[in-house]
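Hi,

Here is the structure I promised to pass on. Have a look at it first, and then read my notes underneath.

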Amino acid sequence: MTDPIADYLTRLRNAISAKHRVVEIPASNLKKEITKILFEKGYILNYKFVDDGPQGTIKVALKYDPVNKVNAIKCLKRVSTPGLRKYTGYKNMPSVINGLGIAIISTSKGVMTDKEAANLRIGGEVLCYVY
């Protein structure tokens, strides 16, 4: 697998389009941090890290609106790829739907949202957009 973050986002996208409640994803430290951010910002219902085997898995419970059966995540878009990395400084931080969505940034201080990175005045690699 050449791009594990793209695989993570694709598994989430496929589970959302198939209306699954839970999706299992092979774990890594970066995927765990992205999952924590998605939970903190209210895009997923819950998550659980399962240590089975050498790698482990992440079980993600997707969040749906009970009335309309619409998912909380409308779009997951990979920005920086292994072939073309996208970096940004804190002054040029991307705005996702005028601040309604989030951009997940990998910085020297760890993985965080665009607003947190701008407040700390640090830039980094733009991993993905979520809204």
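Below is what I found, starting with the sheet and ending with the helices.

One thing to keep in mind: this is a predicted model.

The sheet is open and has three strands, in the order β1-β3-β2, with antiparallel pairing. That puts β1 and β2 at the edges with a single partner strand each, so one side of each has no neighbour in the sheet. From one strand to the next, the twist averages 20 degrees.

Now for β3, which covers residues 57-62. Five of its six residues are buried, so to speak of it as mostly covered is fair: buried here means under 20% relative accessible area. On one side, β3 pairs with β1 (residues 22-26) over five antiparallel bridges; if you want a spot to look at, V22 stands opposite A61. The pairing of β3 with β2 (residues 44-50) is antiparallel too, over six bridges. There you can find I44 opposite L62, and Y47 with V60 as its bridge partner.

β2 and β3 also make a hairpin, with six residues between them. Check out G53 in that turn: its phi is positive, at about 85 degrees.

Then there are the helices. Helix α1 (residues 4-17) packs on the sheet and touches β1 and β3, and its direction makes about 165 degrees with that of β1. Helix α2 (residues 29-40) packs on the sheet as well, touching β1, β2 and β3. For α2, the angle with the direction of β2 is about 155 degrees.

Cheers

Technical notes
Residues are numbered from 1 along each chain as its sequence is written. This is a predicted model: local features need pLDDT of at least 70, side-chain atom pairs count only at pLDDT 80 or more; totals for chains, interfaces and linings use all residues. Side-chain values use heavy atoms; hydrogens and water are left out. Buried means under 20% relative accessible area, exposed over 50%, partly exposed in between (1.4 Å probe, protein chains only). Helices (H or I, at least four residues) and strands (E, at least two) are DSSP runs, numbered from the N terminus. Two strands pair if DSSP finds at least two bridges between them. Axes are lines fitted to C-alpha atoms, for helices over the stretch in contact, and angles run from 0 to 180 degrees between N-to-C directions. Contact means heavy atoms within 4.5 Å.
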